[in-house]
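Here are some exercises to work through with the model open beside you. Try each task before reading its solution.

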2 protein chains.
Amino acid sequence: MASSFKRLLIGKPIATEQQHNERLSKVTALAVFSSDALSSVAYATEAILAVLILAGSQALGLSLPIGAGIALLLVVVAFSYRQTIRAYPKGGGGYVVARENIGENAGLVAAAALLIDYVLTVAVSISAGVAAITSLASNWGFPDLKLYAVEIGLFCIILVTLANLRGVKESGAIFALPTYVFVVSILLMIAFAIGKNLFVDPQVVIHPIPPEIPLAGEALGIWLVMRAFAAGCTALTGVEAISDGVPAFRAPESKNAAATLTGMVALLVAMFLGITWLAHVHGAVPNEATHETVVSQLARTIFGIGPVYVMIQSATALILVLAANTAYADFPRLASFLSRDRFLPRQFSSRGDRLVFSNGILALGAFSALLVVIFQANEIAMLPLYAIGVFISFTLSQSGMIRRHLRLKEPGWRRGTLINGLGAILTAVVLVVLSVTKFTHGAWVVMVLIPLLVLLFRSIHGHYRSVADQLSLTTAAKPKPVRRLTAVVLVSGVHKGVLPALELAKSLAPDNVTAVYVNLDQDQTDRLQMRWCDWGCAVPLVVLESPFRSLITPLMNYIDEVGGRYGDDELLVILPEFVPAHWWEHLLHNQTGLILRTALTLRKGKVVISVPYQLER
Amino acid sequence: MASSFKRLLIGKPIATEQQHNERLSKVTALAVFSSDALSSVAYATEAILAVLILAGSQALGLSLPIGAGIALLLVVVAFSYRQTIRAYPKGGGGYVVARENIGENAGLVAAAALLIDYVLTVAVSISAGVAAITSLASNWGFPDLKLYAVEIGLFCIILVTLANLRGVKESGAIFALPTYVFVVSILLMIAFAIGKNLFVDPQVVIHPIPPEIPLAGEALGIWLVMRAFAAGCTALTGVEAISDGVPAFRAPESKNAAATLTGMVALLVAMFLGITWLAHVHGAVPNEATHETVVSQLARTIFGIGPVYVMIQSATALILVLAANTAYADFPRLASFLSRDRFLPRQFSSRGDRLVFSNGILALGAFSALLVVIFQANEIAMLPLYAIGVFISFTLSQSGMIRRHLRLKEPGWRRGTLINGLGAILTAVVLVVLSVTKFTHGAWVVMVLIPLLVLLFRSIHGHYRSVADQLSLTTAAKPKPVRRLTAVVLVSGVHKGVLPALELAKSLAPDNVTAVYVNLDQDQTDRLQMRWCDWGCAVPLVVLESPFRSLITPLMNYIDEVGGRYGDDELLVILPEFVPAHWWEHLLHNQTGLILRTALTLRKGKVVISVPYQLER
């Protein structure tokens with residue numbers, strides 16, 4: 001029953017040989033790998049404004065230079081990653097590049113940072129997607145939908161998790177349509193507004209939304225500008241995705257991937273700068289009262305509440321869900337790399353029925369759902385934790401590339417070192433800015449979590465290595481053959497379920513079988529002893545006393561005693577178990593068999609033989 | 001670790017031989033058995049007023065005749081139960097009396113009704129106790145405490161559950177003090193008010209609390225009077241407790257128990273009538289705004305907010321907790337009777353470490369906690385579900401007594417028949433009134449639950465009987481001795497953990513051993529096959545293909561095939577398992593061993609031999 005429910009939810013199992021790697025064209029690959037990066041324009045501008053507004057409305061103008069700085073950073077990072085793509089045609093994630101070129105610890109730090117960031121990607125993207133939907137609903141006369149933001153967010157996470165457990169094929173159609181609708185509609189909005197501004201009477205068309213600006217709470221200073229810049233750096237999340245996925249491109253993989261990266265960053269820069277400029281012109285600011293997103297405010301002001309507005313909001317929500325979906329590919333893949341290298345439990349590297357890394361998908365779903373609940377689906381509140389991980393990975397990955405250039409000295413290594421050097425220095429500086437400005441707003445959590453995760457990876461690794469050492473045959477002597485067997489049959493009464501166990505015991509250890517019974521009730525024990533002569537199959541019966549009514553303790557003591565008595569021979573503990581006809585009937589019986597088996601095998605290291613007796617009804 | 005935490009919470013185990021039955025004097029017994037009954041005066045009057053108020057303030061005067069009627073009913077029931085006490089010196093609960101004299105179904109109905117009522121006793125008493133505390137706190141300047149009523153209630157339930165798991169000795173001191181403080185302070189309050197009314201100027205002293213009477217929502221009629229009467233019948237809950245506990249009295253048990261019952265009912269009638277009269281004189285009504293209880297209103301008005309008021313509220317809260325505690329003796333005992341007769345899972349009849357029926361205690365705690373959460377610790381809302389169960393048990397038990405008198409014709413049977421007949425008729429009539437008037441207010445839940453529970457009891461009974469039949473040796477032939485053994489060793493690789501299992505397999509079935517391996521990864525399989533020659537101990541290796549990466553399915557198919565090949569001989573499935581040094585390290589390994597063992601023993605009925613290999617670190 002549980003099994004057919006699973007079939008219904010995630011579908012029939014897929015055979016291993018059906019695994020295949022679809023190769024993507026540049027146009028499709030852009031859609032597949034870019035949703036995370038492109039979708040960040042839905043909240044990056046808003047994050048900058050949310051900081052600047054603290055210094056009052058006159059500070060909002062700074063969003064333009066800050067936006068330009070971030071766009072510049074984007075271009076540098078993109079050039080840096082083109083190097084990585086060329087060097088790692090099989091995929092160069094932060095973990096792989098840092099591990100190979102700097103060392104194991106650098107790799108683990110990058111891995112920990114990325115795992116945290118993937119969880120945040122899901123939580124932030126889903127929450128921002130929900131905000132797009134509730135903004136739409138609010139302008140359509142359903143202002144109360146935002147009260148259910150957490151529930152809607154959790155529902156989306158469950159949906160995306162199930163879809164990934166089924167195995168979403170990374171095939172174009174699903175991804176291409178919403179991604180390009182989003183890109184086209186955002187660019188259209190920007191072009192439309194520019195056009196109006198140039199050719200139509202600007203004073204009439206562009207009417208600023210009445211900005212309900214709070215009183216300046218903080219002085220405008222370099223600190224606030226740095227904070228606003230740090231907040232906007234979320235626009236860079238997801239830029240690394242293409243470098244992880246080079247093998248999915250059509251040949252020549254590296255060249256196509258590099259071109260796609262360039263195209264993506266161009267689109268990203270255009271949309272981000274455009275939205276930032278529009279927000280400035282229209283005076284859009286984050287609105288705490290209505291929770292309406294900045295993009296929604298802009299679309300509403302420019303197009304009015306109509307079909308275009310609805311399309312923009314829907315495309316925004318969809319691309320944000322797709323962005324979350326990207327993390328569902330990245331997190332389980334990285335976890336499987338770590339698991340393959342024995343830094344995470346091996347369950348993360350086994351493929352489930354549908355050929356996907358089910359355990360990684362489930363873990364990502366659970367952690368991101370937890371974040372959505374903790375932060376009440378407020379993506380702006382989560383942003384301070386976000387981006388730190390990505391910049392740690394950027395910095396480590398670029399530094400790794402520098403060491404690689406210096407080591408291999410491949411053609412063009414001087415130019416490469418220069419590009420990656422610039423990238424490494426810039427991202428390192430931004431990382432420091434991010435850490436310092438966001439520290440008290442929640443970034444400290446990430447900075448505490450990363451070393452803890454690295455410690456966890458290391459101790460898991462230590463355990464696996466120790467197990468492998470202990471099981472290794474290099475130090476093993478040929479085992480001694482077993483000389484003599486002793487059998488102890490644990491009986492719970494005289495009934496049909498016990499007889500096959502007694503017969504088996506006699507055939508396994510003809511000379512040395514004992515039956516053991518624990519006296520929990522004197523009347524029952526007397527009755528048992530009377531009937532034993534008839535049915536005990538000539539096996540001697542030992543009755544153990546149990547002053548505290550425990551079954552386990554006296555049995556364990558007796559078995560220890562017998563085990564000690566026969567030295568290095570094998571002691572077989574035989575457990576007759578009757579098996580009810582229906583699974584729920586187990587609830588009606590003490591789970592003594594299970595407890596005994598566990599205690600004997602796992603705690604005492606005894607050989608346990610379960611002899612089942614099947615009930616028919 | 002888990003074990004020492006358990007020791008801390010519930011204490012060291014107690015040996016069976018330490019079990020002893022303390023005999024109680026009448027004074028102590030009154031305290032032990034009466035808290036449930038006596039405590040109901042804390043809410044019974046309020047329940048009557050809460051119904052009458054629906055017809056406006058002029059209807060409140062009817063509380064006096066209704067109270068008198070209930071008092072009369074109490075006296076009749078008490079006389080009825082004196083008969084039961086005499087007839088069942090070993091304890092005559094509703095289940096036992098109805099089962100013995102009417103039949104199994106009647107017994108089961110009484111049992112189901114009582115189990116439900118015990119759960120309600122805990123939920124209602126704890127909630128009423130919390131109401132007493134929050135009323136006190138409210139008058140002391142902490143009106144917000146009532147916002148935490150559910151949390152306080154759950155905390156109290158956990159506390160009482162733990163105390164009972166430790167095994168509260170039913171010894172006097174704990175029970176006697178609060179019970180008598182409660183009785184004395186309530187009687188004192190009544191006497192004080194009567195005195196003032198008679199000797200001091202009544203106009204000055206008795207000043208009615210301004211009754212914020214709502215508009216008459218319902219017409220006053222026979223229906224409302226019946227509903228008010230039914231609501232007040234909660235005063236009768238707990239009256240049956242003494243008849244269950246006759247063996248706990250000092251000799252002559254029956255005589256002492258009967259005298260105690262009379263004393264208890266006298267006190268109950270006096271307090272109930274007194275409080276009802278006081279509420280009438282003072283115009284106390286249930287206050288939905290402040291949630292102040294009627295008793296608190298009275299005590300505050302009569303004594304002012306001072307030490308006497310605090311004492312009355314504290315004693316009320318304490319006796320209500322003790323009332324809940326009574327159910328913790330009754331429920332597990334009744335569950336153990338049902339379990340002994342195989343109507344409930346046998347786990348309910350085994351005594352835990354501390355000689356108490358731990359499973360019954362835990363079940364009662366869980367169910368009553370659920371009720372407190374569902375009803376948000378509002379005892380007045382739970383009352384419609386309450387009392388139905390008790391009256392079903394009353395009616396069945398009295399009817400059983402009638403049949404007993406008629407059957408045995410013991411001395412005085414005519415008088416007995418008359419008394420029990422009157423009791424049976426009256427309680428049956430009240431039961432009808434209760435069912436009809438409370439039906440739509442929640443009583444239907446109880447009336448649906450009771451037949452469902454009886455069905456559950458019956459199907460559990462059916463299962464146990466069927467198991468006993470199937471295991472019975474009366475139809476058993478002497479078992480065939482085992483002729484030839486076949487062994488299959490399931491291997492996960494070539495390592496030290498496998499070698500002892502192979503040796504054991506060779507010694508158990510020298511002629512017929514196979515090792516089986518499932519190919520999940522072709523490289524690993526190739527490596528295994530190369531090393532098998534060196535280490536395989538001359539056992540032939542079979543490699544199974546697994547197109548869907550499942551370990552279980554191909555193994556099960558293979559074992560079925562081998563099992564079928566050798567007909568009626570014994571097939572031993574040998575499972576090498578390496579055992580990590582620390583329990584948490586299990587999380588780092590697939591639980592394949594556990595899953596395989598379960599599937600093989602429980603689903604396939606195969607003999608499974610676990611051969612553990614203990615890791616040292």
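Helices here are DSSP runs of H or I with at least four residues, and strands are runs of E with at least two, numbered from the N terminus. With that in hand, Gln376(A) can be placed in the loop between helix H15 (358–374) and helix H16 (379–382) of chain A. Please keep in mind that this is a predicted model.

**Exercise 1. Backbone details**

Task: Find what is notable about the phi of Gln376(A), and then look at Arg549(B).

Solution: Start with Gln376(A), which is not a glycine but has a positive phi of about 50°. Next, go to Arg549(B), also not a glycine, where phi is positive at about 60°. Arg549(B) sits in the loop between strand E3 (541–545) and helix H22 (552–565) of chain B. Its relative accessibility is 17%, and buried means under 20%, so Arg549(B) counts as buried.

Task: Determine whether the peptide bond from Ala251(A) to Pro252(A) is cis or trans.

Solution: Omega is near -5°, and the bond is cis. Pro252(A) belongs to the loop between helix H11 (241–244) and helix H12 (253–282) of chain A. Now turn to chain B: Ala251(B) and Pro252(B) are joined by a cis peptide bond, with omega about -5°.

**Exercise 2. The nonpolar core**

Task: Work out which residues have the most contacts inside the largest nonpolar core, and which helix gives the largest share of it.

Solution: The core has 146 residues, and those with the most contacts inside it are Ile186(A), Met264(A), Leu338(A), Phe391(A) and Phe457(A). Helix H6 (residues 104–139) of chain A contributes the largest share, 19 residues. Zoom in on Phe391(A): leaving aside residues up to four places away in sequence, its neighbours in contact include Leu73(A), Cys233(A), Thr427(A) and Leu434(A). Apart from this core lies another, of 143 residues, with Tyr95(B), Leu236(B), Met264(B) and Tyr328(B) among them.

**Exercise 3. Between the chains**

Task: Describe the contact between chain A and chain B, including how many salt bridges there are.

Solution: First, count residues: 75 of chain A are in contact with 75 of chain B. Then take the area buried between the two chains, about 6,400 Å², of which carbon and sulfur atoms give 61%. Gln470(A), Leu473(A) and Arg549(A) supply 12% of what chain A buries against chain B, more than any other three residues. Finally, the salt bridge count between chain A and chain B is zero.

**Exercise 4. Salt bridges**

Task: Decide for each partner in the pair Arg333(A) and Asp330(A) whether it is buried or partly exposed.

Solution: The two form a salt bridge, with the closest N and O atoms 3.0 Å apart. Both lie in helix H14 (residues 307–340) of chain A, three residues apart, about one turn of the helix. Arg333(A), at 26% relative accessibility, is partly exposed, whereas Asp330(A), at 6%, is buried.

Task: Do the same for Arg404(B) and Glu410(B).

Solution: Their salt bridge has its closest N and O atoms 3.5 Å apart. Arg404(B) is buried at 11% relative accessible area, and Glu410(B) is partly exposed at 38%. Elsewhere, salt bridges that share partners join Arg99(A), Glu104(A), Arg340(A), Asp341(A) and Arg458(A) into one network. Over all chains, the structure holds 20 salt bridges.

Conventions
Residues numbered from 1 in each chain as written. Chains lettered and ligands numbered in written order. Predicted model: local features only at pLDDT ≥ 70, side-chain atom pairs only at ≥ 80, totals over all residues. Heavy atoms only, no water. Core = buried A, V, L, I, M, F, W, Y, C linked by side-chain atoms within 4.5 Å. Buried < 20%, exposed > 50% of the residue type's maximum accessible area, 1.4 Å probe, protein only. Contact = heavy atoms within 4.5 Å. Buried area = accessible area lost by both parts, 1.4 Å probe. Salt bridge = Lys/Arg side-chain N within 4 Å of Asp/Glu carboxyl O.
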